[in-house]
Amino acid sequence: MDVSSVSSSYYTYSNYSSSSSYATDAAGATIEEATTTQTNGAAVGSDNITSAQSLLNVSDSALASIQDYLQSIRELAVQASNATLSDSDKAAIQSQIEEYLQGIADVTSNTTYNTHNLLDGTDSEYEIATDSDGGSTTVTTGNATLDALGLTGLDVTSEDFDISVIDDAISTVSSLRSQGGAQYNALTYAYNINQDKLLQEAKDADEELEQMIETYQSRKKQNQLEQYRIQMQKKQQEAQEQTVTNLFV
């Protein structure tokens with residue numbers, strides 16, 4: 001066995017190890033990239049959900065204010081229906097009601113989230129990406145303008161005034177708040193799923209890391225044994241060459 005054959009064996013092994021390492025690294029990189037994509041998607045989905053819940057909180061707070069206005073308007077409307085009141089008394093009540101109506105109009109026009117008007121009917125539907133797999137949900141905030149609530153031109157001093165108009169408006173706002181609450185709870189459920197997924201992916205990543213460490217240590221040991229074998233073969237070859245040389249000295 002000459003030195004060239006040993007060298008050839010050594011380089012062949014080295015090349016094999018290198019290509020195997022590249023293939024393993026490529027597979028590992030693919031797995032890592034897929035895991036990273038899933039993890040980042042779940043994290044972004046959770047952020048989107050949190051933002052959507054903040055939007056719903058802003059909307060609900062505004063609807064609660066409108067609800068308070070409506071309750072006050074109803075109380076005044078009941079008071080105005082008292083036949084013992086004079087026309088001036090009813091006019092004063094109507095004036096107060098108009099102030100409350102203006103308060104509702106102000107709330108609907110000024111309730112925004114990141115420049116989006118939430119309650120004036122112009123921008124009340126939002127598509128929210130909730131997870132890493134492209135899943136989404138639609139969040140709606142509704143329309144709470146005076147027109148939508150049927151309160152435009154409300155006049156308790158009119159003979160044909162019907163208090164059910166106010167009751168219908170209160171019911172509409174209550175429904176919008178209930179709808180928002182249901183959507184908030186659904187988003188919480190989606191958020192928890194994302195968190196579970198992140199925890200599972202973290203656990204899987206830890207297990208994969210442990211496996212990679214074990215594999216690396218095993219390959220390192222195999223490489224060390226192979227290097228030792230090659231060194232022994234080289235020493236044996238050198239010893240044989242030295243014996244041959246001594247025969248001719």
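Asn-114 is exposed in this predicted model, with a relative accessible area of 56%. Asn-114 belongs to the loop between strand S1 (112-113) and strand S2 (116-117), and although Asn-114 is not a glycine, its phi is positive, at about 50°. Thr-115 is found in the loop between S1 and S2 as well, and Thr-115 too has a positive phi without being a glycine, in this case of about 75°. With a relative accessible area of 72%, Thr-115 counts as exposed, because the cut-off for that word is a value over 50%.

From this loop the reader can step back to the whole chain. The protein chain holds four helices and four strands, and read from the N terminus these elements follow the order α-α-β-β-β-β-α-α. Of its 249 residues, 24% count as buried, while the chain exposes about 15,300 Å², of which carbon and sulfur atoms supply 51%. If one takes the contacts between residues at least 6 apart in sequence, 72% of them join residues that are at least 24 apart.

The next topic is the interior. The largest nonpolar core has 36 residues, and those that touch the most other members are Ile-66, Leu-70, Ile-97, Ile-104 and Leu-151. At least two residues of this core come from each of helix H1 (3-80), helix H2 (87-110), strand S3 (125-129), helix H3 (146-149) and helix H4 (164-247), and H1 gives the largest share, with twelve residues.

Ile-66 offers a way to follow this core residue by residue. Apart from its neighbours within four places in sequence, Ile-66 is in contact with Ile-104, Val-107, Thr-108, Leu-119, Ala-144, Leu-149 and Val-173. One of these partners, Thr-108, lies in helix H2 and is buried, with a relative accessible area of 4%. The side chain of Thr-108 reaches the backbone oxygen of Ala-105 at 2.8 Å. Beyond its neighbours within four places in sequence, Thr-108 is in contact with Ile-66, Leu-119, Asp-120, Ala-144 and Thr-145.

Helix H2 also contains Gln-96, which counts as partly exposed at 27% relative accessibility, because that value falls between the limits of 20% for buried and 50% for exposed. The C-alpha atom of Gln-96 is separated by 8.2 Å from that of Leu-76, although the two residues stand 20 residues apart along the chain.

How accessible is Thr-130? Thr-130 is found in the loop between S3 and strand S4 (136-140), and at 8% relative accessibility Thr-130 counts as buried, because its value is under 20%. Not counting residues up to four places away in sequence, Thr-130 touches Gly-45, Ser-46, Ile-49, Gly-135, Ser-136, Thr-137, Leu-187 and Asn-194.

The last topic is a pocket that leads back to the starting point. Rolling a probe the size of a water molecule over the atoms shows where empty space is left. About 150 Å³ of space lies in the second largest pocket, and Asn-114 is one of the residues that line it. The lining also includes Asn-48, Ser-51, Ala-52 and Leu-55, together with Tyr-113, His-116, Tyr-126, Glu-127, Ile-128, Ala-129 and Val-139. Both H1 and S3 supply at least two residues of this lining, and H1 and S3 are also among the elements that each supply at least two residues of the largest nonpolar core.

Note on methods: Residues are numbered from 1 along each chain as its sequence is written. This is a predicted model: local features need pLDDT of at least 70, side-chain atom pairs count only at pLDDT 80 or more; totals for chains, interfaces and linings use all residues. Side-chain values use heavy atoms; hydrogens and water are left out. Buried means under 20% relative accessible area, exposed over 50%, partly exposed in between (1.4 Å probe, protein chains only). Contact means heavy atoms within 4.5 Å. Accessible areas come from the Shrake-Rupley method with a 1.4 Å probe; for residues, only the protein chains shown count as cover. A nonpolar core is a set of buried Ala, Val, Leu, Ile, Met, Phe, Trp, Tyr and Cys residues joined through side-chain atoms within 4.5 Å. A polar contact is a pair of N or O atoms within 3.5 Å; within protein, one must be able to donate a hydrogen and the other to accept it, and residues adjacent in sequence count only if both atoms are side-chain atoms. On a 1 Å grid over the protein atoms alone, a cavity is a set of points where a 1.4 Å probe fits but cannot get out, and a pocket is an open set with protein on both sides within 12 Å along at least five of seven lines; lining residues have an atom within 4 Å of a point. Grid points are joined across faces, edges and corners, and a volume is the space filled by probe spheres set on the points.
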